[in-house]
Amino acid sequence: MLWLVQIIGTVLAVALGPLFVGVAQTVKARLQGRKGPSVLQGYWVLAKTWHKETTVPQYSSWVFRLAPSISLAALLVIAAMIPWGDTVPQAWPHNLLAVFFLLALERFWVGLAGMDSAGTFGGLGASRVTTLGTGIEPALLASFGILWVLSGHTSIQPIAPELERMTLGVLPWGLAALSYALVVLAEAGRLPVDNPDTHLELTMMHEATILEYNGRFLAESQVGIAIKLTAIIGLGWVWLGPQLGSPWANLGLRLVEVLLSSAGLGWVESRFAKLRYFQVPTYLAMAAGIGMLAFYLVVSGGIT
Amino acid sequence: MLIVWVLVSGLIVSGFALQRTLSTSLTLVLSLAILGLAVLGLWGVWTPALSGPELALTPLRSWFVLVLGVVAAMSSWYRFGYRQHDEAATAFWLPIFLVGMLGVIAAQTVWVFMTAWEVMAITSFFLVVSHHDRPGVIKAGFIYLVMSQLSAMAILSGFLLLAAQLHSMHFTVWAAEAKSLPLGMKSWIFGLLGLGFAIKSGVIPFHVWLPRAHPVAPAPVSSLMSGAMIKLGIFGIVQFLLIDLGTTSMVWPIVLLTAGAVSSLLGVLYALMEHDLKRLLAYHSIENIGIILLGLGVMDLGIDWHRPTLTVIGLVAALFHTLNHAIFKSQLFLAAGAVEQHTGTLDMEHLGGLVRTIPAVAIGFVMGSMAISALPPFNGFISEWLTFRGLLSIVSHSPALWAFFALGVALVLGLTGALAGMCFVKASGVIFLGQPRQQVKQAAVPKSMSWPILGLALASLGLGIFPGPMVRIIAGLEPGLSVHATMVLLPLHVLTLAVVLVAAAAGLALLSRFWEAREVPRWACGREAAPSMQFSSSSFTKTVRTTFAFIYQPHRNLARAGRYPRDFPARLVYRGGTTPTWERYLYRPGYRLAWTLSQYSTRIQAGPVRLYLSYLLVTIGIMLLALH
């Protein structure tokens, strides 16, 4: 039963990823007064890219060809580790720190691929993406501050029920959620940190690393971006959101929440301009600071 | 006594230094013998042969012998193919160096320990200065020697203090009785011994020797120094300070955690700025020693708070990371040696695209990079995960300030991990990927050099997938501590994670038919693409240099040169760099002070023997008066 929920949840999260991205784009277009492409546009683009001829730049090696697969594999494992029902089967890895390290694995290979493309843009993207990672990883740890102190372990599994019993008040929860949301924007490569829509060398980060990709490799990278967005938003709702009684209901609730969050993402993206690159560390430090504040409220309040 | 035989045979091996193949083979046999000792000690097959009044191997000591043996065996194997200047000198000193390190670990009395420690320090000095004809090597060796001696003096004074308190020079007596010392005395001992061991391990701010000495040594020696020798400082801290002394003042866990956090963060930050591959790796040794210290800090806290779970997690994290770092760091140092032999340079800005000329070394280096960046499914991931778990266990069920402190340290560790990942994207990317930046020579790299690198890579992969047996061994090393060790790794399910990850990656790679792709020119905005358009090592880290400017204090200077430099500069000379903070603000004043003091001392050190004889006489007189 648990296995079934987990498998179906993972499959749905992977399959619906492009839809969620499409929703964000559509909301953004409507708020800007445009009609925008269909919400299913992501799927058509994927189908088209997958069937196109695949080329690689001169001087690249096997690293360039394998990197999209390894990055996507890391993201798939993350998606499979999120408890889409309320619990993961016991024999399945369910560790929050493992999620962090898998995100680092994905970033490492994206960076290597950028360096292997032997052009200027790849190296530029690799440098920017890995630098961004140095801000994201501590901020992500800090935004989970409440969790570490309440649960005392690093497994995702019993987080939710345990937190359910805690009456913390709105403030720490709100701060933790805000901190996590700020980190999600950075990790998923959305505004105000990175702009997924431009191909101007001054503004792009993740797009620069995949500039030389096309065909099947590009399709893999794009699926990866969608899965990453879905998985980390879903993870946020797992520990911050309400819980229902049955795993199936939880799964449905999570998907609706992710859908609403994508619409919210579209709203955020049309409200805020992109930050100057060297202000991003400050932005992430702020996210970490908010997480630490929530942590401090819990710790000093004597709730242990 | 088996250990004595191994020690003596090491001295015999060094006698054959002039016959290259014979001496290398015998060194390999010696290393395998050391590895054998470790196996005997760890699995308790034949313990009577390993115990004696002067030299003995306890399970904890055997663990460090294992670390030594693995690195020594692989480095000796590697030496079959490695060409270097002044082969015979290395062949002579290397076996004695190994013997010295084995002696340090197995020693049971102060005298044996200090003798072996000095043997280790002095032979490693001679190994460091193997390339003494190159500029700067002698100076680097000298700095190393001075720091080694400072470390030895601090350890000796700590030992003598402890011996005077317990009226014994024997380590077994210390293990039994040191716990009952008063806390104030323990703090003195902890401070002195900790200083000595910290210098030897290269903990910041005592690290200045490390990025100087490691890069100038031949690759197998760098690998041994970084993989095994600096770990003996860790051995000293675990054995004497944490296990023997037991409960200490609460200052010391804070000191350990702070030193660990500072070393790991600054180590990796300095590494990012390096363009010399071996110096970069040397700074990463400092970073990893910092991570090990974090584990030890957790363990010390567990001892002080009487929380055995913390103690075991800290111990397992620290000791497992010790072995893991030994494996992947010697793998990376050996790969660096192969790069140097292949191209004749270690300056990253001149390299590029080596994955096509030395593919085996490139695979070894990329795997080592993943291991040191703590990425699954490699061994660095497991031990860094354990360190995180230890720190986060402090966060819950602790006083508020402690929780805050521990969370802060965990954030620093997270930052360190991300920076390490970035640094190794840079190192692998600039050296092995892309297009060659300059024409360099391309000497062949023999199989006997690439196999040890790949062997170590497989070891780090194996330990990353099956960490269970090793974790169980470490948790059982100290009988007083053994807590349900298998629980430590839950809920990670390492094996499932690794299998799923690898299967998914392989499946996707097949699905994407990665072999089917046409090569086309890369995009260069419509211009002719040139190798200089690629990101270099310094442009890759420009963003970090700007973000962490308050640590680096970067400076740059654009000078005009030529006949009329002000109005018609013939060329512009650009110089940029970062400020060596510790050297400038800590070591330079210290050096000046020592120099000034030694000027004064010339007044009483005029040289004639009669003067010194009279000093002796006066000293004896004063001592007699004092004793009377």
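How many residues does helix α1 of chain B have, and how far does α1(B) reach from its first C-alpha to its last? Select residues 2-13 of chain B: this helix (a DSSP run of H or I, at least four residues, numbered from the N terminus) has 12 residues and reaches 17 Å, close to the 16 Å expected at 1.5 Å a residue, that is, 1.5 Å times one less than the number of residues.

The model is predicted, so that local features need pLDDT of at least 70 and side-chain atom pairs count only at pLDDT 80 or more, while totals for chains, interfaces and linings use all residues. Residues are numbered from 1 along each chain as its sequence is written, and chains are lettered from A and ligands numbered from 1 in the order in which they are written.

Next, within α1(B), colour B:Ile3, B:Val6, B:Leu7, B:Gly10 and B:Val13, which are buried (20 or more other C-beta atoms within 10 Å of the residue's own, against 12 or fewer for exposed, with C-beta atoms placed from the backbone). These residues cover an arc of only 120° around the axis, which puts them on the same side of α1(B); the arc is that of the directions from the helix axis to the C-beta atoms. On the other side, B:Val4, B:Trp5, B:Val8, B:Leu11 and B:Ile12 are exposed.

Then show α2 (20-42) and α4 (87-106) of chain B, against which the buried residues of α1(B) pack, contact being C-beta atoms, placed from the backbone, within 7 Å.

Finally, turn to the contact between the chains, which takes 74 residues from chain A and 69 residues from chain B. On the side of chain A that touches chain B, the largest share, 15 residues, comes from α5(A).

Definitions and conventions:
Two residues are in contact if their C-beta atoms, placed from the backbone, lie within 7 Å. Helices (H or I, at least four residues) and strands (E, at least two) are DSSP runs, numbered from the N terminus.
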